[in-house]
Amino acid sequence: MLEAINSEKIWDNKLPTTSYCYQNLKKLIVYGCQKLKFVFPSSIIKSFEQLQHLEISCCKELKGIIAKEETKGTTTFIFPRVTFLKFKELPEFTTLYNGKYNSNWPMLKELEMCDCSKLDIFNSEYKVVVPNLEVLKLRSVWDSQLVATSSCYQNLTSLILNGCEKLQYVFLSSMVKSFEWLEHIEICNCSVLKEIISKEVEANKTFVFSRVTFLKLENLPELITFYPGVHTSEWPVLKELEVCNCGKIKTFNSEYMSFHHNNEGQHDIWGKQSLFLAEKINLNLEKLTLSRVDEMINLLCQFPENFCRCTIGIKQDKSTNISVGILQRSLKLEKLMLNDCSYEEIFTCGENEKHTKILIQIKSLELRYLSDAKYLWGKSSKLDSLLQNLEVLEVIYCPQMINVLPSSASFENLTVLNVWECHGLMNLLTPSIAKNLVQLREMKIQFCEIMTEIVSNKTEDVAAEDEIVFGKLKLLSLRYLQSLICFYSGNYVLKFPSLEELTVYKCPMIKTFSVGNLYTPSLQKVQQDWWDKSKWSWEGDLNATIQLLYEKEVNSK
């Protein structure tokens, strides 16, 4: 690895054309060499015939890879064994070689180009041969189109385009068949992209992506069509589809795309179209993500059998909440994931719904990166039975959340509860909610900065025989809870008859597990590390073990 070399050259171009110094070099990483203009003199390229991995990044004055020397005509460069090639953060990088050239990379499998805003490596004036390329990642590169040579893509399995500001389309229609091995497609943040496939000749088209399992289209504000002509696209094995913030186009339709007529009576292909025919999407789709709840629910109502088996995701929704009236329209919605949305109260109901018992069928709910959310629903919303069917609840990085499980609600079918990075939570459960979790089998809590206890010591009249029983809980993990003092500090008896696996890791303040009586007949150890199962302690009972761990923590300071 060559790092931060304060020179315009690495190798002297007066070296012999072959040299034992680098003839066996297999990996070359050039990083942060701010004055470097070029990496290789052209005269010594042949000496790097064993090179397999080439990575160049953060060289702010680099203009090219190979320095031009006094040659006439077209120069051909061959990198016979390079399998991995990466260019990253090279703001002045424009081309491989500042002259007429062809380059051949017969073994290259992965090519990644990121933040090289002037790079034009696929300039059609030069021939770039990469017959075995499998992964292509482009982010913030100059090219307005991909190279049209089909031999470059015949083995491509993954195509990722991000921030390609000049790109107006992805494929020429004649190229699509060259991508027969493609499995993974991501196209994001391309501000002028208008179409996925560009039309060359007028014809009805059917595009079959026979191996694609993952497709993501995100932040494409000018995307208006998949293909500007009468066509269908088929995705027989697609497992995950994400379409977010593509505001000028519908995601699904159920019939062939129709054209709008302009004032001259001609077909206007720029009318708002849809990307896919629902009938042409794999019926076994596992996950579908869109950016608006109403669009998703309309889709589920229109095609209930097409999408009823998959996880439904809502990403980057700008609404302040979700109306449960909309959710009730879909009887098939069982798995819902909300990601990076603007919700404050996640669920709400209208005035005419407040006096009605509302129940939805959702069994799995994941809340991720909801930076504004404080509650599942507000106190004024009468939604106590809303999530009665819920079995899995995951809340991950919701830093403003102060109440995950409303105390008046019913969660009697909940089996899995995971809460990570919720920095507004001082506790997770009230005693009444804890008593209600009769099916809970797994609970993981981590990275909640101000959480002092898991079950709150809420003031209640507690009789001597009162108890909280986690009857089916087998796994409990408490990790990175820097303010946690105990699991529960009240007077209820705590019973964990099925608890077999308990992890307490990086909880430096915890002194005891429970103040009251504690019953854990199946527990034989406390894991001190989630990954290393050999690190555990046991002092005969749980409270004694926690006290020992606390004393070790204090003595280690």
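Is F447 buried, exposed or partly exposed? Partly exposed, at 32% relative accessibility, where buried means under 20% relative accessible area, exposed means over 50%, and partly exposed is in between, with a 1.4 Å probe and protein chains only.

Hi everyone, a word on the model before we go on. It is predicted, so to speak about local features we need pLDDT of at least 70, side-chain atom pairs count only at pLDDT 80 or more, and totals for chains, interfaces and linings use all residues. Residues are numbered from 1 along each chain as its sequence is written, and side-chain values use heavy atoms, with hydrogens and water left out.

Now the overall picture. The protein has five helices and 42 strands; these are DSSP runs numbered from the N terminus, with helices being H or I of at least four residues and strands being E of at least two. Of the 557 residues, 50% are buried. The exposed surface is about 25,700 Å², and carbon and sulfur atoms supply 46% of it; the areas come from the Shrake-Rupley method with a 1.4 Å probe, and for residues only the protein chains shown count as cover. Among contacts with a separation of 6 or more, 77% are between residues 24 or more positions apart, a contact being heavy atoms within 4.5 Å.

Back to F447, which sits in the loop between strand 33 (442-446) and strand 34 (453-455). Its phi is near 55°, a positive value in a residue other than glycine. N189 also has phi near 55°, and N189 lies in the loop between strand 15 (184-188) and strand 16 (195-198). At 29% relative accessibility, N189 counts as partly exposed. As background, most residues other than glycine have a negative phi.

Let's turn to strand 30, residues 364-368, where four of the five residues are buried. Strand 30 pairs in the parallel sense with strand 28 (residues 335-339) over five bridges, and also with strand 31 (residues 392-396), in the parallel sense over five bridges. Pairing here requires at least two DSSP bridges between the strands. L365 is the bridge partner of L336, and R368 stands opposite I396 in strand 31.

What does R368 do with its side chain? It forms a salt bridge with E366, the closest N and O atoms being 3.0 Å apart, and R368 meets E394 in another at 3.4 Å, N to O. That second pair links distant parts of the chain, with R368 in strand 30 and E394 in strand 31, 26 residues apart. E366 is buried at 15% and E394 is buried at 17%, while R368 is partly exposed at 23%.

The rule for a salt bridge is a side-chain nitrogen of Lys or Arg within 4 Å of a carboxyl oxygen of Asp or Glu, and the count comes to 15. K280 and E234 form one of them, at 3.8 Å, N to O. K216, E218, E242 and K315 are linked in a network of salt bridges.

How many disulfides does the structure hold? Zero, with the cut-off being a pair of cysteine sulfur atoms within 2.5 Å. Take C58: its closest cysteine sulfur, in C59, is 7.2 Å away, too far for a bond.

Last stop: an open sheet of three strands in the order 35-38-40, with parallel pairing. Strand 35 (467-469) and strand 40 (518-519) stand at the edges with a single partner strand each, so one side of each is left without a neighbour in the sheet. Thanks for listening!
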